[in-house]
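User: I have a model open and would like to understand the labels attached to it. Could you take me through the reasoning behind them?

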Amino acid sequence: MSIVVLNLPSVKRKKEGRPKQCPYCGGETFQRWGQVNKRVKDTRDRQVKVHRYRCCFCKHTFRQYPEGVSPAQQSERLMKLCVIMWSLGVSHRSVSLILAVFGVHLSHMSGWRDVQEAGQRIGRRLKWKPSRIVGVDGVWVNGKGIMVAVDLGDGELLALAEIDEKELVAVETWLKALKQQHKIGAIVTDDLATYKEIAQELEVGHQICQFHVRRWTGKR
Ligand SMILES: [Zn+2]
């Protein structure tokens, strides 16, 4: 039997240590300004301690949340779990039902928002950088075609787009913009014939992923 281990964010019940900087002015001296118990929606912890501080410089008060907790009602662990379940094809309503079995009451709209926010976070993390060789592949996520580009130098995600791999023109337009943006010299893809055509059109090198080549050879 195969077992998949999910690496989910950890959640702490309280934050150790004091804040280093005031989020408003960058000041470094604070007064403790009380503590509140915050209820969280999570798979394990239902309540965490949140400390409040007052900046001695600008007089603003702010909260310091423990690891894995934010001003949101849900813990980061629960948000990630919702996103993973949805990526595996579970509908938002079913995610809500599954969590209810474990005593977590989350509306299907909250699950939907988690997925949207996770997508936006990935988008914000993507930065420009020159990438000589890029791995390109298409995947299906919940009935939608998604194109993924990964820098094969450092393995970092370069771009994501909601495009069906079989739509030649859309894939070509997307790769053309990526080529100009990241100075791509070559792409590594699976054996789908359209990639060969696109690589020639865009004048970039093209190699078929060794994994796919081995699979073909194995079949023969
Ligand atoms: Zn301040």
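User: What makes the arrangement around the zinc ion tetrahedral?

Analyst: Happy to help, and do keep in mind that this is a predicted model. The 4 donor atoms subtend angles of 104 to 113°. Four donors count as tetrahedral if all angles lie between 85 and 135 degrees, so the arrangement earns the name. For reference, the ideal angle for four tetrahedral donors is 109.5 degrees.

User: Which atoms coordinate the zinc ion?

Analyst: The SG atoms of Cys22, Cys25, Cys55 and Cys58, at 2.3 to 2.4 Å. Donors have to lie within 2.8 Å of the metal, and these sulfurs do. Their spacing in sequence is C-x2-C-x29-C-x2-C. Cys22 sits in the segment before strand S1, while Cys58 is in the loop between strands S2 and S3, 36 residues apart.

User: Why is Cys22 called buried, and why is Cys58 called partly exposed?

Analyst: Cys22 has a relative accessible area of 3%; buried means under 20%, so the label fits Cys22. Cys58 comes out at 25%, which falls between that limit and the 50% above which a residue is exposed, so Cys58 is partly exposed.

User: How do you know that the buried residues of helix H5 are on the same side?

Analyst: Those residues are Thr194, Tyr195, Ile198, Ala199 and Leu202. They cover an arc of only 135° around the axis, which puts them on the same side of H5. On the other side, Ala193, Lys196, Gln200 and Glu201 are exposed.

User: What do the buried residues of H5 pack against?

Analyst: Their partners are strands S4, S5, S7 and S8, along with helix H4.

Definitions and conventions. Residues numbered from 1 in each chain as written. Predicted model: local features only at pLDDT ≥ 70, side-chain atom pairs only at ≥ 80, totals over all residues. Heavy atoms only, no water. Donors = N, O, S within 2.8 Å, 3.2 Å for Na, K, Ca; no water. Tetrahedral: all angles 85-135°; square planar, octahedral: opposite > 155°, others 65-115°. Helix = DSSP H or I, 4+ residues; strand = E, 2+ residues; numbered from the N terminus. Buried < 20%, exposed > 50% of the residue type's maximum accessible area, 1.4 Å probe, protein only. Arc of directions from axis to C-beta. Contact = heavy atoms within 4.5 Å.
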